[in-house]
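Subject: Structure handover

Hello,

Here is the structure I said I would pass on. Please open it and keep it beside you while you read the notes that follow.

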Amino acid sequence: MADKIKLSIVTPEREVVDTEVDEIIAPGWDGEFGVLPNHAPFLAIIRSGELDYRIGDEVSSMAVGFGFVEVLPDKVTVMIETAETEEEIDLERAMAARDRAMEALSGKAADVDFENARAALMRAISRIQVAQKNKRISQRSVERQYRSSS
């Protein structure tokens, strides 16, 4: 049994990830799914959300847009519209986008394309979650270190 699985994440503009990982958690159309080495092959639709992958004890997260994934026993290829790592996300901009989308969905604005506003809201929420996720994890690590040294 293989210990790792090759992960390739690409957008129309760039290759975002090309590495071997232990596990992948992706936002599928019908819900989140996980992939481990030697997984059964399948194709799936990716929705906007948070995609995580684990190498050893380290988990990396990114906000992704709509796309597709091909899972093979030894390789996962994710082809998506957009992908942003925590470092690439401007948290203030993501929060402003969330607020604009929520305003549009409130029904107060005229000529609103509700489907586009809903999609914008989902993207903004994913970006906010990814940007804040590692900050929470880092804070917990600091708190654990502090407690263990006391």
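Is F42 buried, partly exposed or exposed? F42 is partly exposed, because its relative accessible area is 25%, and the range for that class runs from 20% to 50%. Please keep in mind that this is a predicted model.

Aromatic pairs

A search of the whole structure turns up three aromatic pairs. In one of them, the ring centres of W29 and F66 are 6.5 Å apart and the planes stand at 85 degrees, so this pair is edge-to-face. The pair links distant parts of the chain, with the two positions 37 residues apart in numbering. W29 sits in the loop between β3 (23–28) and β4 (31–35), while F66 sits in the loop between β7 (58–64) and β8 (67–71). W29 has a relative accessible area of 54%, so W29 counts as exposed. F66, at 33%, is partly exposed.

F42 belongs to another edge-to-face pair, and its partner is F33. Here the distance is 5.4 Å from centre to centre, and the angle between the planes is 80 degrees. F33 has a relative accessibility of 16%, so F33 is counted as buried; the cut-off for that class is under 20%.

The cluster and the surface patch

W29 and F66 also belong to one aromatic cluster together with F68. F68 lies in strand β8 and is partly exposed, with a relative accessible area of 44%. These three residues turn up again in a nonpolar patch on the surface, along with I45 and M79. Together the members of the patch have about 500 Å² of accessible area.

A loop residue in contact with F66

Where is S48 placed? S48 is in the loop between β5 (42–46) and β6 (49–55). Its relative accessibility is 15%, so S48 counts as buried. Leaving aside residues up to four places away in sequence, S48 touches V64, G65, F66, R123 and S126.

The core

The largest nonpolar core has 22 residues. Which of them touch the most other members? They are L7, I9, M62, V76 and V78. For L7, again without residues up to four places away in sequence, the contacts are V17, D18, T19, V21, I24, Y53, V76 and V78. V76 and V78 therefore appear both in that contact list and among the core residues that touch the most other members.

Regards

Conventions: Residues numbered from 1 in each chain as written. Predicted model: local features only at pLDDT ≥ 70, side-chain atom pairs only at ≥ 80, totals over all residues. Heavy atoms only, no water. Helix = DSSP H or I, 4+ residues; strand = E, 2+ residues; numbered from the N terminus. Buried < 20%, exposed > 50% of the residue type's maximum accessible area, 1.4 Å probe, protein only. Contact = heavy atoms within 4.5 Å. Phe/Tyr/Trp six-rings, centres within 6.5 Å; stacked < 30°, edge-to-face > 60°. Patch = residues over 30% accessible without salt bridge, like charges linked within 9 Å, V, L, I, M, F, W, Y side chains within 5 Å. Areas by Shrake-Rupley, 256 points an atom, 1.4 Å probe, with all protein chains shown as cover. Salt bridge = Lys/Arg side-chain N within 4 Å of Asp/Glu carboxyl O. Core = buried A, V, L, I, M, F, W, Y, C linked by side-chain atoms within 4.5 Å.
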